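Visitor: I am new to this structure and should be grateful for a guided introduction. May we look at it together?

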Amino acid sequence: MVTVNDYSGKIRPDWCPACGNFAQLSAIKNALAELKIEPENAVVVSGIGCSSNLPEFIRAYGFHGLHGRLLPVASAVKWANRKLTVIGYGGDGDGFFEGTQHFFHTAKRNVDLTYIVSDNQIFGLTTGQASPTSEIGFISKTTPDGNIEKPVNPMTFALSAGATFVARSFSGDPKHLQEVIKKGIQHKGFSFIDVFSPCVTFNKTNTYDYFRKRVYKYEAKDPSNFEEAYRAVQEWGDRIPIGIFYQVKSQSYEDLDPVTAEETPLAERPYRKLKPEDFEEFL
Ligand SMILES: Cc1ncc(C[n+]2csc(CCOP(=O)(O)OP(=O)(O)O)c2C)c(N)n1
Ligand code: SF4
Ligand SMILES: [Mg+2]
(Lines give C-alpha, C1' and ligand atoms only; values in the text may rest on other atoms or scores of the structure.)
(Ligands and ions follow the chains in the order given, each with its own letter.)
Protein backbone atom coordinates (compact mmCIF):
# COMPACT_ATOMS: atom_id res chain seq x y z
CA MET A 1 0.00 0.00 0.00
CA VAL A 2 1.57 3.29 -1.10
CA THR A 3 0.27 6.63 0.12
CA VAL A 4 1.26 10.17 -0.75
CA ASN A 5 2.77 10.55 2.73
CA ASP A 6 5.38 7.97 1.78
CA TYR A 7 6.71 10.60 -0.60
CA SER A 8 6.94 13.37 2.03
CA GLY A 9 10.51 14.58 2.28
CA LYS A 10 12.19 15.92 5.43
CA ILE A 11 13.28 19.17 3.81
CA ARG A 12 10.67 21.89 3.31
CA PRO A 13 10.78 23.58 -0.09
CA ASP A 14 12.41 27.00 -0.02
CA TRP A 15 10.49 28.27 -3.05
CA CYS A 16 8.75 31.66 -2.76
CA PRO A 17 5.19 31.30 -1.42
CA ALA A 18 2.77 30.53 -4.33
CA CYS A 19 5.57 29.56 -6.75
CA GLY A 20 4.21 27.24 -9.46
CA ASN A 21 6.68 24.52 -8.44
CA PHE A 22 4.62 23.66 -5.33
CA ALA A 23 1.69 22.39 -7.40
CA GLN A 24 4.03 20.26 -9.49
CA LEU A 25 5.68 18.73 -6.44
CA SER A 26 2.25 17.73 -5.08
CA ALA A 27 1.10 16.46 -8.46
CA ILE A 28 4.20 14.28 -8.89
CA LYS A 29 3.86 12.83 -5.37
CA ASN A 30 0.13 12.15 -5.82
CA ALA A 31 0.59 10.66 -9.28
CA LEU A 32 3.32 8.27 -8.07
CA ALA A 33 1.25 7.23 -5.04
CA GLU A 34 -1.89 6.67 -7.12
CA LEU A 35 0.08 4.51 -9.50
CA LYS A 36 1.26 2.47 -6.47
CA ILE A 37 4.91 3.06 -7.31
CA GLU A 38 7.02 2.64 -4.17
CA PRO A 39 9.43 5.51 -3.37
CA GLU A 40 12.37 3.08 -3.61
CA ASN A 41 11.44 2.46 -7.24
CA ALA A 42 11.17 6.13 -8.23
CA VAL A 43 14.03 8.45 -9.22
CA VAL A 44 13.76 12.18 -9.86
CA VAL A 45 16.63 13.72 -11.80
CA SER A 46 17.00 17.49 -12.14
CA GLY A 47 19.30 20.14 -13.58
CA ILE A 48 19.93 23.58 -12.04
CA GLY A 49 17.34 26.24 -11.24
CA CYS A 50 14.65 26.92 -8.64
CA SER A 51 12.58 24.11 -10.16
CA SER A 52 15.55 21.77 -10.20
CA ASN A 53 15.74 21.79 -6.40
CA LEU A 54 12.69 19.51 -6.38
CA PRO A 55 14.46 16.15 -5.79
CA GLU A 56 15.42 17.42 -2.33
CA PHE A 57 11.77 17.82 -1.37
CA ILE A 58 10.49 14.37 -2.28
CA ARG A 59 11.24 11.12 -0.48
CA ALA A 60 12.47 9.09 -3.44
CA TYR A 61 15.83 8.57 -5.08
CA GLY A 62 17.13 11.76 -6.62
CA PHE A 63 19.99 13.29 -8.52
CA HIS A 64 20.57 17.05 -8.69
CA GLY A 65 22.68 17.36 -11.83
CA LEU A 66 24.33 20.05 -13.90
CA HIS A 67 22.55 22.85 -15.71
CA GLY A 68 20.89 21.46 -18.85
CA ARG A 69 22.24 17.96 -18.28
CA LEU A 70 19.42 16.21 -16.51
CA LEU A 71 18.32 14.12 -19.48
CA PRO A 72 21.63 12.26 -20.05
CA VAL A 73 21.68 11.38 -16.33
CA ALA A 74 18.02 10.33 -16.35
CA SER A 75 18.63 8.18 -19.45
CA ALA A 76 21.62 6.50 -17.80
CA VAL A 77 19.55 5.73 -14.69
CA LYS A 78 16.90 4.10 -16.86
CA TRP A 79 19.46 2.10 -18.83
CA ALA A 80 21.15 0.86 -15.66
CA ASN A 81 17.86 -0.23 -14.13
CA ARG A 82 14.87 -0.25 -16.40
CA LYS A 83 12.59 -1.37 -13.57
CA LEU A 84 12.76 2.13 -12.08
CA THR A 85 10.27 4.91 -12.79
CA VAL A 86 12.40 7.85 -13.90
CA ILE A 87 11.20 11.45 -13.85
CA GLY A 88 13.26 14.33 -15.23
CA TYR A 89 12.35 17.72 -13.77
CA GLY A 90 13.83 21.12 -14.64
CA GLY A 91 13.22 24.65 -15.87
CA ASP A 92 12.68 26.24 -19.26
CA GLY A 93 16.20 27.70 -19.17
CA ASP A 94 17.63 24.33 -18.20
CA GLY A 95 15.74 22.41 -20.87
CA PHE A 96 15.36 24.77 -23.81
CA PHE A 97 18.59 26.73 -23.51
CA GLU A 98 21.53 24.90 -21.98
CA GLY A 99 19.95 21.47 -22.49
CA THR A 100 18.45 21.85 -25.98
CA GLN A 101 20.50 19.13 -27.63
CA HIS A 102 19.75 16.63 -24.87
CA PHE A 103 16.03 17.34 -25.12
CA PHE A 104 16.15 16.69 -28.87
CA HIS A 105 18.13 13.46 -28.67
CA THR A 106 16.32 11.96 -25.68
CA ALA A 107 13.00 12.54 -27.46
CA LYS A 108 14.40 11.05 -30.67
CA ARG A 109 15.66 7.98 -28.80
CA ASN A 110 12.32 7.51 -27.10
CA VAL A 111 13.93 6.78 -23.73
CA ASP A 112 11.24 5.57 -21.33
CA LEU A 113 11.09 8.47 -18.88
CA THR A 114 8.83 11.40 -18.05
CA TYR A 115 10.33 14.83 -18.61
CA ILE A 116 8.44 17.63 -16.84
CA VAL A 117 9.47 21.22 -17.52
CA SER A 118 8.48 23.90 -15.06
CA ASP A 119 8.02 26.60 -17.69
CA ASN A 120 7.92 30.00 -15.97
CA GLN A 121 9.28 31.79 -19.06
CA ILE A 122 12.19 33.22 -17.06
CA PHE A 123 15.43 32.29 -15.31
CA GLY A 124 14.14 32.24 -11.74
CA LEU A 125 17.15 31.14 -9.69
CA THR A 126 19.44 33.78 -11.19
CA THR A 127 16.82 36.44 -10.30
CA GLY A 128 14.99 37.16 -13.54
CA GLN A 129 16.61 37.00 -16.96
CA ALA A 130 14.74 36.27 -20.22
CA SER A 131 14.54 32.60 -21.19
CA PRO A 132 13.91 30.86 -24.53
CA THR A 133 10.15 30.87 -23.86
CA SER A 134 9.94 34.57 -22.88
CA GLU A 135 7.57 36.41 -25.19
CA ILE A 136 8.49 39.31 -27.50
CA GLY A 137 8.50 42.58 -25.55
CA PHE A 138 9.08 40.79 -22.22
CA ILE A 139 10.89 43.08 -19.76
CA SER A 140 13.58 41.41 -17.66
CA LYS A 141 17.06 42.13 -16.31
CA THR A 142 18.62 41.06 -19.61
CA THR A 143 15.89 42.66 -21.76
CA PRO A 144 15.22 46.05 -20.09
CA ASP A 145 13.82 47.48 -23.36
CA GLY A 146 11.75 44.39 -24.08
CA ASN A 147 12.73 40.99 -25.53
CA ILE A 148 13.39 41.15 -29.27
CA GLU A 149 13.70 37.36 -29.78
CA LYS A 150 10.79 35.17 -30.79
CA PRO A 151 10.05 32.50 -28.17
CA VAL A 152 10.56 28.82 -28.98
CA ASN A 153 7.58 26.51 -28.91
CA PRO A 154 8.74 23.50 -26.84
CA MET A 155 5.72 21.51 -28.02
CA THR A 156 6.52 21.69 -31.76
CA PHE A 157 10.17 21.02 -30.88
CA ALA A 158 9.25 17.85 -28.95
CA LEU A 159 6.96 16.67 -31.74
CA SER A 160 9.58 17.30 -34.42
CA ALA A 161 12.21 15.46 -32.42
CA GLY A 162 10.01 12.36 -32.17
CA ALA A 163 8.57 12.44 -28.63
CA THR A 164 5.85 9.81 -28.32
CA PHE A 165 3.85 11.66 -25.63
CA VAL A 166 3.49 15.45 -25.75
CA ALA A 167 1.35 17.33 -23.25
CA ARG A 168 0.93 20.66 -21.52
CA SER A 169 -0.60 21.61 -18.19
CA PHE A 170 -0.79 24.50 -15.73
CA SER A 171 0.20 24.77 -12.07
CA GLY A 172 -3.04 26.70 -11.44
CA ASP A 173 -5.04 23.55 -12.29
CA PRO A 174 -3.69 20.87 -9.89
CA LYS A 175 -6.23 18.19 -10.90
CA HIS A 176 -5.38 18.50 -14.57
CA LEU A 177 -1.68 18.58 -13.77
CA GLN A 178 -1.83 15.40 -11.70
CA GLU A 179 -3.85 13.54 -14.34
CA VAL A 180 -1.46 14.52 -17.15
CA ILE A 181 1.59 13.56 -15.08
CA LYS A 182 -0.01 10.21 -14.25
CA LYS A 183 -0.64 9.50 -17.94
CA GLY A 184 2.90 10.60 -18.76
CA ILE A 185 4.37 8.17 -16.23
CA GLN A 186 2.16 5.35 -17.54
CA HIS A 187 3.25 6.01 -21.11
CA LYS A 188 5.99 3.67 -22.31
CA GLY A 189 8.58 5.88 -24.00
CA PHE A 190 9.60 9.52 -23.80
CA SER A 191 6.85 11.67 -22.27
CA PHE A 192 7.23 15.41 -22.43
CA ILE A 193 5.06 17.66 -20.26
CA ASP A 194 5.44 21.44 -20.44
CA VAL A 195 3.87 23.08 -17.38
CA PHE A 196 2.96 26.76 -17.14
CA SER A 197 4.39 27.50 -13.74
CA PRO A 198 4.19 31.17 -12.68
CA CYS A 199 7.32 32.68 -11.11
CA VAL A 200 5.47 35.04 -8.78
CA THR A 201 8.62 36.96 -7.84
CA PHE A 202 10.25 37.81 -11.17
CA ASN A 203 7.71 37.28 -13.93
CA LYS A 204 4.99 39.89 -13.57
CA THR A 205 3.57 39.16 -17.05
CA ASN A 206 2.84 35.42 -17.15
CA THR A 207 0.95 35.26 -13.88
CA TYR A 208 -1.75 32.85 -12.61
CA ASP A 209 -4.35 35.38 -13.82
CA TYR A 210 -2.71 35.61 -17.23
CA PHE A 211 -3.07 31.85 -17.71
CA ARG A 212 -6.46 31.49 -16.00
CA LYS A 213 -7.91 33.89 -18.57
CA ARG A 214 -6.41 32.01 -21.49
CA VAL A 215 -6.01 28.28 -20.91
CA TYR A 216 -8.70 25.84 -21.99
CA LYS A 217 -8.77 22.05 -21.94
CA TYR A 218 -7.94 20.47 -25.25
CA GLU A 219 -9.20 17.00 -26.17
CA ALA A 220 -7.47 15.46 -29.17
CA LYS A 221 -9.86 13.76 -31.61
CA ASP A 222 -7.11 11.28 -32.41
CA PRO A 223 -4.02 11.60 -30.19
CA SER A 224 -1.98 9.56 -32.69
CA ASN A 225 -2.58 12.13 -35.46
CA PHE A 226 0.68 14.05 -35.77
CA GLU A 227 -0.70 16.80 -38.05
CA GLU A 228 -3.62 17.46 -35.71
CA ALA A 229 -1.26 17.70 -32.73
CA TYR A 230 1.19 19.93 -34.59
CA ARG A 231 -1.59 22.35 -35.49
CA ALA A 232 -3.13 22.34 -32.00
CA VAL A 233 0.07 23.13 -30.10
CA GLN A 234 0.59 26.29 -32.12
CA GLU A 235 -2.50 28.05 -30.84
CA TRP A 236 -1.29 30.95 -28.68
CA GLY A 237 -2.76 34.27 -27.67
CA ASP A 238 -6.17 34.83 -26.12
CA ARG A 239 -6.71 31.08 -26.02
CA ILE A 240 -4.01 28.56 -25.10
CA PRO A 241 -4.81 24.82 -25.07
CA ILE A 242 -3.62 22.45 -22.32
CA GLY A 243 -3.93 18.67 -22.39
CA ILE A 244 -2.46 15.60 -24.09
CA PHE A 245 -1.84 16.53 -27.72
CA TYR A 246 0.00 13.50 -28.97
CA GLN A 247 0.51 9.90 -27.90
CA VAL A 248 1.70 6.97 -29.98
CA LYS A 249 3.01 3.49 -29.21
CA SER A 250 6.60 2.93 -30.23
CA GLN A 251 9.40 0.73 -28.91
CA SER A 252 11.56 2.49 -26.36
CA TYR A 253 15.34 2.70 -26.58
CA GLU A 254 15.65 0.14 -23.77
CA ASP A 255 13.61 -2.37 -25.73
CA LEU A 256 15.70 -1.95 -28.84
CA ASP A 257 19.20 -1.96 -27.35
CA PRO A 258 20.21 -5.64 -26.93
CA VAL A 259 22.09 -4.88 -23.69
CA THR A 260 19.20 -3.20 -21.90
CA ALA A 261 16.52 -5.31 -23.57
CA GLU A 262 17.39 -8.37 -21.44
CA GLU A 263 14.88 -8.96 -18.69
CA THR A 264 17.36 -8.66 -15.82
CA PRO A 265 18.38 -5.00 -15.53
CA LEU A 266 22.07 -4.21 -15.80
CA ALA A 267 22.12 -3.19 -12.14
CA GLU A 268 21.03 -6.69 -11.08
CA ARG A 269 23.38 -8.72 -13.26
CA PRO A 270 26.37 -10.39 -11.57
CA TYR A 271 29.77 -8.79 -11.88
CA ARG A 272 32.49 -10.73 -13.60
CA LYS A 273 35.86 -10.17 -12.05
CA LEU A 274 38.29 -9.22 -14.80
CA LYS A 275 41.56 -11.16 -15.14
CA PRO A 276 44.74 -9.68 -16.69
CA GLU A 277 44.10 -11.60 -19.92
CA ASP A 278 40.68 -9.91 -20.20
CA PHE A 279 42.45 -6.58 -20.41
CA GLU A 280 44.71 -7.94 -23.13
CA GLU A 281 41.67 -9.00 -25.10
CA PHE A 282 39.95 -5.71 -24.49
CA LEU A 283 42.94 -3.70 -25.67
C1 LIG B 1 26.38 25.97 -17.58
C2 LIG B 1 25.69 26.96 -16.67
N3 LIG B 1 25.29 28.14 -17.16
C4 LIG B 1 24.65 29.03 -16.38
C5 LIG B 1 24.42 28.74 -15.06
C6 LIG B 1 23.74 29.75 -14.19
N7 LIG B 1 22.33 29.41 -13.98
C8 LIG B 1 21.93 28.76 -12.88
S9 LIG B 1 20.28 28.54 -12.83
C10 LIG B 1 20.08 29.32 -14.30
C11 LIG B 1 18.73 29.56 -14.91
C12 LIG B 1 17.68 28.66 -14.43
O13 LIG B 1 16.50 28.93 -15.13
P14 LIG B 1 15.44 27.80 -15.35
O15 LIG B 1 16.10 26.58 -15.88
O16 LIG B 1 14.34 28.36 -16.18
O17 LIG B 1 14.96 27.43 -13.89
P18 LIG B 1 14.06 28.26 -12.86
O19 LIG B 1 15.01 28.84 -11.86
O20 LIG B 1 13.32 29.30 -13.61
O21 LIG B 1 13.17 27.22 -12.27
C22 LIG B 1 21.30 29.76 -14.81
C23 LIG B 1 21.48 30.50 -16.08
C24 LIG B 1 24.83 27.49 -14.56
N25 LIG B 1 24.60 27.11 -13.31
N26 LIG B 1 25.47 26.62 -15.37
S1 SF4 C 1 12.13 32.99 -7.85
FE2 SF4 C 1 10.33 32.42 -9.05
S3 SF4 C 1 10.72 30.30 -9.72
FE4 SF4 C 1 12.15 30.78 -8.05
S5 SF4 C 1 11.14 30.02 -6.20
FE6 SF4 C 1 10.62 32.21 -6.40
S7 SF4 C 1 8.67 32.22 -7.54
FE8 SF4 C 1 9.57 30.19 -7.80
MG1 LIG D 1 12.54 29.13 -15.62
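Guide: Let us begin with Gln121, which lies in the loop between E4 and E5; helices (H or I, at least four residues) and strands (E, at least two) are DSSP runs numbered from the N terminus. The model is predicted: local features need pLDDT of at least 70, side-chain atom pairs count only at pLDDT 80 or more, and totals for chains, interfaces and linings use all residues. Residues are numbered from 1 along each chain as its sequence is written, while chains are lettered from A and ligands numbered from 1 in the order in which they are written.

Visitor: Is Gln121 buried or exposed?

Guide: A residue is buried if 20 or more other C-beta atoms, placed from the backbone, lie within 10 Å of its own, exposed if 12 or fewer, and partly exposed in between. Gln121 is not a glycine, yet its phi is positive, near 60°. Because Gln121 has 26 C-beta neighbours inside 10 Å, it counts as buried.

Visitor: Ala18 also has a positive phi although it is not a glycine; how does Ala18 count by its C-beta atoms within 10 Å?

Guide: Ala18 is found in the segment before helix H1 (21-34), and its phi is about 80°. Since 13 other C-beta atoms lie within 10 Å of it, Ala18 is partly exposed.

Visitor: In what order do the eight strands of the open sheet stand?

Guide: Two strands pair if DSSP finds at least two bridges between them, and the pairing in this sheet is mixed. Strand E2 (61-64) and strand E9 (215-217) each have a single partner strand, so they stand at the edges with one side left without a neighbour in the sheet. The twist averages 20° from one strand to the next. The order is E2-E1-E3-E4-E8-E7-E10-E9.

Visitor: Which residue of E2 is the bridge partner of Ser46?

Guide: Strand E1 (residues 42-46) pairs with E2 in the parallel sense over four bridges. The partner of Ser46 in E2 is His64.

Visitor: What angle does helix H5 make with the direction of E7?

Guide: Helix H5 (residues 154-161) packs on the sheet, touching strand E4 (114-119), strand E7 (165-170), strand E8 (191-196) and strand E10 (240-247). Contact requires C-beta atoms, placed from the backbone, within 7 Å. Axes are lines fitted to C-alpha atoms, for helices over the stretch in contact, and angles run from 0 to 180 degrees between N-to-C directions. The direction of H5 makes with that of E7 an angle of about 165°.

Visitor: How far apart are the axes of helices H2 and H4?

Guide: Two packed helices are described by the angle between their axes and the distance between the axes. Helix H2 (residues 70-80) and helix H4 (residues 100-109) pack at an angle of about 35°. The contact is made by Leu71, Pro72 and Ser75 of H2 and His102, Phe103 and Thr106 of H4. The distance between the axes is 8 Å.

Visitor: Which element gives the most residues to the shell around ligand 1?

Guide: A residue is near a molecule if its C-beta atom, placed from the backbone, lies within 6 Å of it. Of the 19 residues around ligand 1, Gly49, Gly91, Gly93, Asp94 and Gly124 come nearest. The elements giving two or more residues are strand E3 (85-91), helix H3 (92-98) and strand E5 (122-123). The most, four residues, come from H3.

Notes: Two residues are in contact if their C-beta atoms, placed from the backbone, lie within 7 Å.
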